[in-house]
Amino acid sequence: MLTQPLFFGVWSPTQKGHFLHGSGGHTPASSERLARLDQGFCRGVKNRWGEVDPTQQIEGLARLHFVDGYTVLAFWDRSGDNRYGSNSAFLVPGRHAFADAVRLAREAFPSIWARFTFPVVLEGPDLLPEVAPGHCPGCNCGSRSQA
Ligand SMILES: [Zn+2]
């Protein structure tokens, strides 16, 4: 468990590709249990081709998850890569309400937040309860992430 927030997504428009980053831009080893970081924590339901319909990919409409000690703040984001399917997820160690998670993620990654041209607003319940490790209250994403 790290103590600093992590960012999964596109680091910059000149450095495309979705990866996990620390605040300095480096890429730490990722947790196996967070293998669903790419799109898996965002809103929307995948179709039979494993894609979420573009009409559901509303930028900044965030989902909050609590998995393995991390508050995960995830939303569709085409500010780093304008293609559909592009997304961002902030992993904040500990359990936080939406406003706190946003503040901590923004403090750790100011350059990422500066490029958002849309508001980041919560969709779904706030301050998720503690549950068994590997699980996420409400959406069960944590258990499904263990491929
Ligand atoms: Zn979840």
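This passage describes the fold of a predicted model, with attention to one helix and the strands around it.

The protein chain comprises 3 helices and 6 strands, and these elements succeed one another along the sequence in the pattern β-β-β-β-β-α-α-β-α. Of its 147 residues, 32% count as buried. Among the contacts with a separation of 6 or more, 57% are made by residues that lie 24 or more positions apart.

Helix H1, which spans residues 98-108, contributes Phe98, Ala101, Val102 and Ala105 as its buried residues. Seen down the helix axis, these buried residues fall within an arc of 100 degrees, so they line one face of H1. Such an arrangement can be read against the general geometry of the α-helix, in which there are 3.6 residues a turn, so residues three or four places apart point the same way. On the face of H1 turned away from the buried side are found the exposed residues Ala99 and Glu107. The cover over the buried residues of H1 includes strands S3 (61-67), S4 (70-76), S5 (87-93) and S6 (121-122).

Of these strands, S3 is itself mostly covered, with 6 of its 7 residues buried. S3 pairs with S6 in the parallel sense over 2 bridges, and Leu61 stands opposite Val121 of S6. With S4, by contrast, S3 runs antiparallel, the two strands being joined by 5 bridges; here Phe66 has Thr71 in S4 as its bridge partner. The hairpin formed by S3 and S4 has 2 residues between the strands, and within this hairpin Asp68 takes a positive phi near 50 degrees.

Methods
Residues are numbered from 1 along each chain as its sequence is written. This is a predicted model: local features need pLDDT of at least 70, side-chain atom pairs count only at pLDDT 80 or more; totals for chains, interfaces and linings use all residues. Helices (H or I, at least four residues) and strands (E, at least two) are DSSP runs, numbered from the N terminus. A residue is buried if 20 or more other C-beta atoms lie within 10 Å of its own, exposed if 12 or fewer, and partly exposed in between; C-beta atoms are placed from the backbone. Two residues are in contact if their C-beta atoms, placed from the backbone, lie within 7 Å. The arc is that of the directions from the helix axis to the C-beta atoms. Two strands pair if DSSP finds at least two bridges between them.
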